[in-house]
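Here are my comments on the model you sent, set out as numbered points. They begin with strand pairing and then turn to the ligand site and to a few loop residues.

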Amino acid sequence: MSPKRPIISFQEVTFRYDRDDPVPALESFSVDIDKGSFVAVIGSNGSGKSTFAKLSNGISLPDSGKVFVDGLDTSDENNDIAVRRKIGLVFQDPDNQIVSSIVEDDVAFGPENLGLPIEEIRERVDYALKAVGMYDLRFKEPSMLSGGQKQRIAIAGMIAMRPDCLVLDEPTAMLDPKGRKEVLQTLTELNRGGMTVVLITHFMQEACLADRVIVINNARIVSDGSPETIFSDRDSL
Ligand code: ADP
Ligand code: MG
């Protein structure tokens, strides 16, 4: 049997924001993210975490090396649309990710842009809202919601696009403890349902929920293992 193809594969990736930068934002960066896994990515400010997120769905492309999404080379422009649909990116600030004045319209925004039939949009929106526990609030104005609720709406908007994998770049950084808990619980449930989750975070308690922790430092992976191994290895932190 052939081995299962990773959903995200970085192969010796080097990336600079500016051609003249002496130090790359990612350097000789190689990693495979398995389908169905829950991976936490941690590392100090400026270590390259957000750069990793942007390369994982083709927003940025490697200078050298390759990024594959479900076997598709992100540098091949014929793969652009497929790559972006397979990897849903969620960012730190929920307010920047909300575009509509009614919760369910916001979640419908992506599927509407795909030009899907109305019944399918309805079905996807309801499914996504239920998956993040926001179905009962579907007629609310997003501006009336808490940070944690807004971030769950942003996640629902991604789920409605039926991605294979969610990559979340510090999605709880701006939330209060209650909001953080809601988002983490949502991610854990989505992962149990089969969604691959890559959670970039600076909270160790959050990283412990993952089944694998990757530590980035100075543009490179310095540790990679179970939370138990990583957090007992003081040197890597
Ligand atoms: P992290 O998310 O871990 O804080 P980043 O991936 O944002 O790290 O940044 C990695 C490196 O790339 C840092 O040195 C940072 O200063 C640099 N960098 C990030 N974004 C940009 C940008 N838009 N333009 C130039 N340099 C950037
Ligand atoms: Mg960052």
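1. Two strands are taken as paired if DSSP finds at least two bridges between them, and the pairing statements below rest on that cut-off. In this predicted model, leucine 166 has valine 197 in β8 as its bridge partner. The connection between the two strands concerned can also be followed along the chain, which passes from β7 through helix α6 (residues 177–192) to β8 in a β-α-β crossover that is right-handed.

2. The pairing of β8 deserves a careful look on both sides of the comparison with β7 and β3. Strand β7 (residues 165–169) runs parallel to β8 and is joined to it by five bridges, while strand β3 (residues 38–42) also runs parallel to β8 and is joined to it by four bridges. Within the β3 pairing, valine 41 has isoleucine 200 of β8 as its bridge partner.

3. Is strand β8 buried or exposed? Five of the five residues of β8 (residues 196–200) are buried, so the strand is largely enclosed by the rest of the structure. The side chains divide between two directions, with Thr196, Val198 and Ile200 pointing one way and Val197 and Leu199 the other way, and all of these residues are buried. Isoleucine 200, the partner of valine 41, is thus listed with the first of these two groups, whereas valine 197, the partner of leucine 166, is listed with the second.

4. Strand β3 also pairs with β9, to which it runs parallel and is joined by four bridges; in that pairing, isoleucine 42 stands opposite valine 215 in β9. Strand β9 is itself mostly covered, with five of its six residues buried. On passing to β10 the direction changes, for β9 and β10 run antiparallel and are joined by five bridges, and valine 213 has glycine 225 in β10 as its bridge partner.

5. Strands β9 and β10 form a hairpin with two residues between them, and asparagine 218 in its turn has a positive phi of about 45°. This merits a check, because most residues other than glycine have a negative phi. Asparagine 218 lies in the loop between β9 (212–217) and β10 (220–225), and with a relative accessible area of 59% this residue is exposed.

6. Where does the model place arginine 162, another residue to inspect for its backbone angle? Arginine 162 is found in the loop between α5 (147–159) and β7, and its phi is positive, at about 55°, although the residue is not a glycine. Its relative accessibility is 41%, and on that basis arginine 162 counts as partly exposed.

7. A separate open sheet should be read on its own terms: it has four strands in the order β2-β1-β4-β5, with antiparallel pairing. Strands β2 (26–33) and β5 (72–73) stand at the edges, each with a single partner strand, so one side of each is left without a neighbour in the sheet. At the β5 edge, strand β4 (residues 64–69) runs antiparallel to β5 and is joined to it by two bridges, with valine 69 standing opposite leucine 72.

8. For the ligand site, which residues lie around ligand 1? They are Tyr17, Ala25, Ser44, Asn45, Gly46, Ser47, Gly48, Lys49, Ser50 and Thr51, and by class this shell has two nonpolar, seven polar and one charged residues. Several distances to oxygen atoms of ligand 1 can be checked directly: a polar side-chain atom of threonine 51 lies 2.5 Å from one, a polar side-chain atom of lysine 49 lies 2.8 Å from one, and a backbone N or O atom of serine 47 lies 3.2 Å from one. The protein covers 56% of the 560 Å² of accessible area that ligand 1 has on its own.

9. A last point concerns aspartate 95, which is placed in the loop between β6 (87–90) and α3 (103–113) and, at 46% relative accessibility, counts as partly exposed. Its C-alpha atom is separated by 8.3 Å from that of glutamine 151, a residue 56 positions away along the chain.

Key:
Residues are numbered from 1 along each chain as its sequence is written. Chains are lettered from A and ligands numbered from 1 in the order in which they are written. This is a predicted model: local features need pLDDT of at least 70, side-chain atom pairs count only at pLDDT 80 or more; totals for chains, interfaces and linings use all residues. Side-chain values use heavy atoms; hydrogens and water are left out. A residue is near a molecule or strand if one of its heavy atoms lies within 4 Å of it. A polar contact is a pair of N or O atoms within 3.5 Å; within protein, one must be able to donate a hydrogen and the other to accept it, and residues adjacent in sequence count only if both atoms are side-chain atoms. Accessible areas come from the Shrake-Rupley method with a 1.4 Å probe; for residues, only the protein chains shown count as cover. Ala, Val, Leu, Ile, Met, Phe, Trp, Tyr, Cys and Pro count as nonpolar, Asp, Glu, Lys and Arg as charged, and the others, Gly among them, as polar. Buried means under 20% relative accessible area, exposed over 50%, partly exposed in between (1.4 Å probe, protein chains only). A crossover is right-handed if, with the strands pointing away from the viewer, the path from the first strand over the helix to the second runs clockwise.
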